[in-house]
Amino acid sequence: MATDLSELESRLWSAADQLWAGTGLKPSEFSTPVLGLIFLRYADQRFHDAGERFKKDGLPLDEVDKTDYQAEGVLYLKPEARFSYLLGLAEGADLGKAINTAMVEVEAENPDLKGVLPRSFNKLDNKVLVELLRLLAPLKIDGDAFGKVYEYFLGKFALKEGQKGGVFYTPESIVKLIVEIIEPYHGRVFDPACGSGGMFVQSAGFVQRHHKSASDEIAIYGTEKASDTVKLAKMNLAVHGLSGDIRESNTYYEDPHKAPGRFDFVMANPPFNVSGVDKERISDDKRFPLGIPSADNANYLWIQLFHSSLNETGRAGFVMANSAADARGSEMEVRKKLIQSGAVDVIVSIGSNFFYTVTLPCTLWFFDKGKAQGPRRDQVLFVDARHIFRQVTRAIRDFTPAQIEFLANIVRVYRGEQPEAEVGGHELLKQQFPEERYWDTPGLCKVATIAEIEAQGWSLNPGRYVGVAPGQQDDVDFAERLEELNEELEVLNSEARELELTIATHVAGILAL
């Protein structure tokens, strides 16, 4: 049975406690040995499952070689590189040396992982490693295991390291919704803030669910600033039978993939409200053709990057701070140009408590450059999904598979596509749209024209358009509203600083006359 998220977190917390007790490592360093063994545990699980399939098909395992496993999208593991082998070693064995050897063997058999896997296990006490192996042995992990682990460590230790909540892992249900809406059937997929690679894993899952081979249909490209996270992404791709071109780079200033106009799909969860970007360094950058916003906020640099990276028919889906939908000044001018281009396709409001480390709600933006050439050029679909969620724990929410399919099906019928009916979302769609044809539904969705958006000050806030369903109360969560107001205050302060700079420049010019 697959381990649920709460159990996974509980076991990993126990493992982290063991490591903390037995080493002098900083909290942020705990992830290295744990992720290495989680990687090996999951690789071993997939290797074993492939072996069972071979036996079921009548193939003796002594006649199966490395290429057979690789054809299944599974990492080949020599006997001494298998988690099960390490687990069976006597407690008196040098486990640190044995695990390091396992990592070397995995890299030797799988060149894409060269230099990626950790090899510092001999710094850990044998007793700690024994307990860590025992804790991980029962786990059977589905989905983006590494993303969950990454989020777990971020949530538990980031505050102790003095980090803030602007950078956080994207929950699996949010990623799945993005994938279902942009529909990456075939082509180049780019994530310029790729983190642990969860967007790529879910894109591959989408392709496979539609009965095609992900390795044949999509090509993966990513960038990530932190070298340890680049390694994490490569590990995540490898255990899912994927490969890709993941580069370590600072996306604000570097473009290793020559992104403008190159990609069929762009997906990302960029850091929100980043300040301090050196705008002089990017003033002539082709990735930001709509102008460099004067506000000290990188949101509209990311938004432009996603848009400019698409080819003429490309689609993008990304997470964005709510404040970006109504930002004024130079940011509004960029937003206006994007809307007028016809590429803005869908905007979805997501409620609070979907992210583990912050309670703040967010917005999903979707671009479709191909739409600009069709009948929907002057339209944008707004969806308010804040009332749609599953309460996982008191503090955490997500979407069920049926809810993801339902929300994606709203977009499909808006586009004139056939809705999908695999996990219960089709039934939800028929309750709302009995004829399976789109129409505006108060409290849920609204198609607005560019003229209507202009009348709203070029706002992309779904709440301005969707309204409230008849008989539905517009309940406000105090903590959620307080965070929204605080975010709005930060935006207003930024705009005030922008105005102060403009006034000072004009005054200086007048005095110089």
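**I350 and its contacts**

I started at I350 and skipped its neighbours within four places in sequence. What is left in contact with I350 is I174, L177, P361, C362, L364, R386 and F399. I'm working from a predicted model here.

**The core around it**

Next I looked up the largest nonpolar core, and I350 is on the list of residues with the most contacts inside it. L364, L381, F399, L407, I410 and Y438 are on that list too. I noted 55 residues for this core. Which helix gives the most to this core? I found α14, residues 401–415, with eight residues. Apart from this core I found another, of 44 residues, with F39, V64, V74 and A98 among them.

**Helix α8**

Two of the I350 contacts, I174 and L177, sent me to α8, which runs over residues 172–182. Is α8 mostly covered or mostly open? Mostly covered: I get nine of its 11 residues as buried. I174 and L177 are both among the buried ones, and I wrote down S173, V175, I178, V179, E180, I181 and I182 as well. Just past the end of α8 I checked E183, and its phi is positive, about 55 degrees.

**Out to the surface**

Last, I went looking for nonpolar surface. I503, V507 and L511 make a nonpolar patch of about 310 Å². I placed V507 in helix α18, residues 478–511. Why does V507 count as partly exposed? Because its relative accessible area is 40%, and partly exposed covers what lies between under 20% and over 50%. A reminder to myself on helices: with 3.6 residues a turn, residues three or four places apart point the same way.

Key:
Residues are numbered from 1 along each chain as its sequence is written. This is a predicted model: local features need pLDDT of at least 70, side-chain atom pairs count only at pLDDT 80 or more; totals for chains, interfaces and linings use all residues. Side-chain values use heavy atoms; hydrogens and water are left out. Buried means under 20% relative accessible area, exposed over 50%, partly exposed in between (1.4 Å probe, protein chains only). Helices (H or I, at least four residues) and strands (E, at least two) are DSSP runs, numbered from the N terminus. A nonpolar core is a set of buried Ala, Val, Leu, Ile, Met, Phe, Trp, Tyr and Cys residues joined through side-chain atoms within 4.5 Å. Contact means heavy atoms within 4.5 Å. Patches are made of residues with over 30% relative accessible area and no salt bridge: like charges are joined within 9 Å, nonpolar side chains (Val, Leu, Ile, Met, Phe, Trp, Tyr) within 5 Å. Accessible areas come from the Shrake-Rupley method with a 1.4 Å probe; for residues, only the protein chains shown count as cover. A salt bridge is a side-chain nitrogen of Lys or Arg within 4 Å of a carboxyl oxygen of Asp or Glu.
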